[in-house]
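Biologist: Could you take me through the nonpolar core of this protein, with a bit of the overall picture before you zoom in?

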Amino acid sequence: MTDPVPRSAKSVKSRLDTIHQTDDSGKKLPNLSKVQSHFLVPSDKLDKVTRRVIAPYAQIERKGLKEDETKEGTYLDINRFNIFLEDTIDLDSLFYETANVLKAVTNSSGVFVYIVNKVNNEIVLMSPTTKNPERYEINIPIGEGKIAAAHVAATKEYLLIEDVQRDRRFAEGLKWVDAKVALCMPVIKPDGDCYAVLELYRCHAEPYDQNIVYTVVSVACWAGAAVHQAQARITLQRTAHLNQELRSLLQNYFCDLASIDTMLTDMLAVVKSFIGAMRSSFFIIDKDNVGEHLLADMWDDGWSSEKSSIPKKKIKVNLSQEQTPAGLVAKTGESLNIRDAYKDPRFSKEIDPTTGVVVRSCLVSPIVDKNGVIGVVQLTNKTNAQPFDSEDEVIFQVFINYCSLIVHFYNMQQYKIFHENLNKVFRDLMKLHLAPCRHDIDEIMETNGMVLPPHNFKSYNYHISEGSKEDMPGLICYMYVETFADRQFERQNLADFSLTILRCYRSNPYHNAEHAFCFTHTMYLILINNPGYFDFVETAALMLAGLCHDLDHPGYNNNFLSLCKHPLAQMYKSSMLEYHHYFLAKKIVEDKNLLSMLSIADRDRIMQEMKYDILCTDLAVYFQVRAQLTPLLAERSFDWADNSHRKLLKGILMTTSDLSGCCKPFGVAKAIAEAVYEEFYNQGDQEREMGYTPLSMMDRRRSVNQPAEQIQFLSVVVVPCLLLLQNIFPNTSPLTDNCRKTQEAWHEEIEIRGQKLWRQDEAIPRTRSRPFLKVTD
């Protein structure tokens with residue numbers, strides 16, 4: 001990586017348009033006839049001398065030259081001003097030429113140009129040849145008194161000395177010449193910094209008049225502004241180039257195309273090249289360290305003399321062990337620009353005692369977030385043996401901004417890796433505790449992995465409460481074998497899967513293992529009584545989804561999870577419980593290798609179907625499905641070949657099986673309803689403790705309304721669902737019949753209690769009824 005704008009770059013412009021230097025005799029140069037000024041100075045105040053001096057910064061029109069003659073002028077033309085717009089500007093050279101223009105127009109015997117060195121608090125006499133300025137460099141400390149130029153650099157005010165030899169303020173006079181009159185002019189940038197000092201002098205006793213002073217002040221002001229803009233533009237161009245390089249590296253890192261080691265090593269190499277540092281180091285503070293020491297992971301790009309492209313791996317360092325700049329910045333959170341580490345009393349040793357290389361200067365900056373310092377970046381020693389300047393600090397800050405993104409992303413990755421491994425530990429622990437007892441598996445396998453069902457098992461009136469709950473795993477395996485698992489499934493895997501799923505249900509009053517079995521049983525009956533409509537994958541997905549559809553149900557609905565900001569509500573935007581049920585089902589299916597004998601395509605399809613089927617058990621989804629399926633049946637446009645129509649039907653199948661507890665004989669249906677209300681009342685009690693008013697169905701104080709609420713629920717939710725299914729599968733009419741009987745039984749409950757009877761015909765206008773949904777015997 002090369003610096004796009006080297007500090008030593010010289011102007012590539014021709015010097016033909018540069019002035020011809022005059023000798024010390026003070027001969028005046030030809031006048032200029034016309035000037036189009038670019039200054040913000042009224043034209044009527046510009047005398048001839050002023051217009052001549054500003055010629056380097058304006059468009060001029062020359063007289064006395066023929067059109068075919070070469071226009072080599074004595075003064076700078078607009079092309080020299082355009083150099084300020086280039087990337088390779090040589091400010092010192094151009095500034096020295098401008099000073100010689102002032103020498104000529106002010107009839108001075110000579111001019112000295114001093115460049116201010118803020119780092120060393122001194123002025124440096126500019127060499128007549130800027131190609132090798134170090135050879136002639138002379139430094140003078142900045143301070144008031146003694147030397148006029150140093151005094152002006154300190155005060156930032158121009159100084160007119162009418163008699164240099166008799167002026168007692170400056171014992172050394174102009175230091176270099178025996179001058180009579182002197183005009184020292186500071187070149188001040190808009191930010192208030194003094195960039196240079198112009199020292200014009202005359203060896204004869206003619207003083208400088210006010211017009212000359214005004215001319216020099218004007219040029220100095222505009223020169224300061226031009227220098228400021230040129231420096232700002234160069235810095236902006238360098239930072240833009242740095243931005244482009246760093247964005248390219250970040251893109252690779254964020255897209256997982258590069259490791260953190262490679263990423264940081266490359267970025268350190270880039271910033272080291274841009275600023276011209278010899279060494280660069282990157283520290284990420286270890287926030288998890290509980291000890292007294294300040295530990296950090298360090299990436300080091302090495303010394304610039306090391307010709308190696310191998311990424312430097314991170315090492316653990318103790319920033320509190322030695323008095324180092326990086327350690328101080330990590331503790332204080334403040335940036336440091338150390339010009340000489342040996343002279344700084346805060347550091348007892350050199351910055352890097354292990355390298356054996358003398359370290360003089362360094363630039364160190366913290367990387368912070370809302371919680372404090374999270375990292376430190378350090379640049380050590382400049383290649384030109386100079387301290388780091390303000391421009392280096394600006395460019396370095398751009399780099400630090402990108403570093404904050406890297407550290408934040410790195411910490412997120414570490415956090416992600418930690419919790420991924422923590423989840424693996426928890427998953428192993430969960431598998432251990434969910435694993436069924438070996439004796440239970442052996443007991444099922446004694447009867448070839450399933451239990452023979454009772455005589456009324458194929459009736460919609462059957463409920464597991466009539467038999468033994470211990471038979472549920474064996475009966476589930478029986479239903480699976482009857483519908484889809486007679487081939488390509490190992491019986492022991494089926495038994496292990498069934499036992500594990502049932503163990504994953506909590507001991508809720510309603511959403512428990514018995515409900516999952518009831519759901520699966522109803523789905524089983526619908527499928528075996530209507531064979532051939534669904535293929536193997538759809539059948540397997542419906543049966544597996546039926547058993548898994550309420551896995552780990554907490555006994556509260558989705559609205560309550562949102563209300564209390566449950567973690568599931570933070571994970572999913574809608575159908576929180578249903579997504580959670582599917583996630584657990586997927587993990588158990590994978591852990592038990594249930595589908596291992598199927599093709600990959602079938603496995604993927606079954607999991608996709610299961611996800612859709614389980615999500616359809618959300619009643620909010622059911623109402624959407626019902627709204628789409630109803631017009632299809634009303635218009636007799638349901639098409640078995642249309643996959644979207646089949647999906648709607650499968651959604652109705654899931655809802656019907658989920659609500660099939662309402663379609664049992666009234667004694668069973670009433671017990672199931674009471675279990676539902678017990679869960680509802682538990683949720684209502686929690687809501688009341690949180691300061692909310694629970695809904696009527698969840699308010700324990702309104703338990704007297706249970707019969708009326710059940711009639712409403714059956715009429716509005718359950719019966720329309722059953723009629724839709726019956727319209728497609730007429731042999732499901734027993735479910736509708738039992739539901740209507742349950743409705744009548746609840747009516748009798750109301751009459752026995754002497755309560756007002758809720759009738760659907762009074763609540764819903766007759767015009768909204770759909771005759772096509774009525775199925776006759």
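Modeller: Sure, starting wide: the protein chain has 23 helices and 14 strands, where helices (H or I, at least four residues) and strands (E, at least two) are DSSP runs numbered from the N terminus. This is a predicted model, so local features need pLDDT of at least 70 and side-chain atom pairs count only at pLDDT 80 or more, while totals for chains, interfaces and linings use all residues. Residues are numbered from 1 along each chain as its sequence is written, and side-chain values use heavy atoms, with hydrogens and water left out.

Of the 777 residues in the chain, 49% are buried, meaning under 20% relative accessible area with a 1.4 Å probe, protein chains only.

Now the core. A nonpolar core here is a set of buried Ala, Val, Leu, Ile, Met, Phe, Trp, Tyr and Cys residues joined through side-chain atoms within 4.5 Å. The largest one holds 93 residues, and Tyr-480, Phe-497, Phe-517, Leu-544, Leu-551, Leu-595 and Ile-606 touch the most other members. Helix H21 (residues 706-728) gives the largest share of this core, 12 residues. Apart from this core lies another, of 35 residues, among them Leu-242, Val-271, Val-398 and Tyr-402.

Let's zoom in on Phe-497. Leaving out residues up to four places away in sequence, Phe-497 touches Tyr-480, Leu-544, Leu-547, Cys-548, Ile-588, Val-589, Lys-592 and Leu-594, a contact being heavy atoms within 4.5 Å.

Methods:
Buried means under 20% relative accessible area, exposed over 50%, partly exposed in between (1.4 Å probe, protein chains only).
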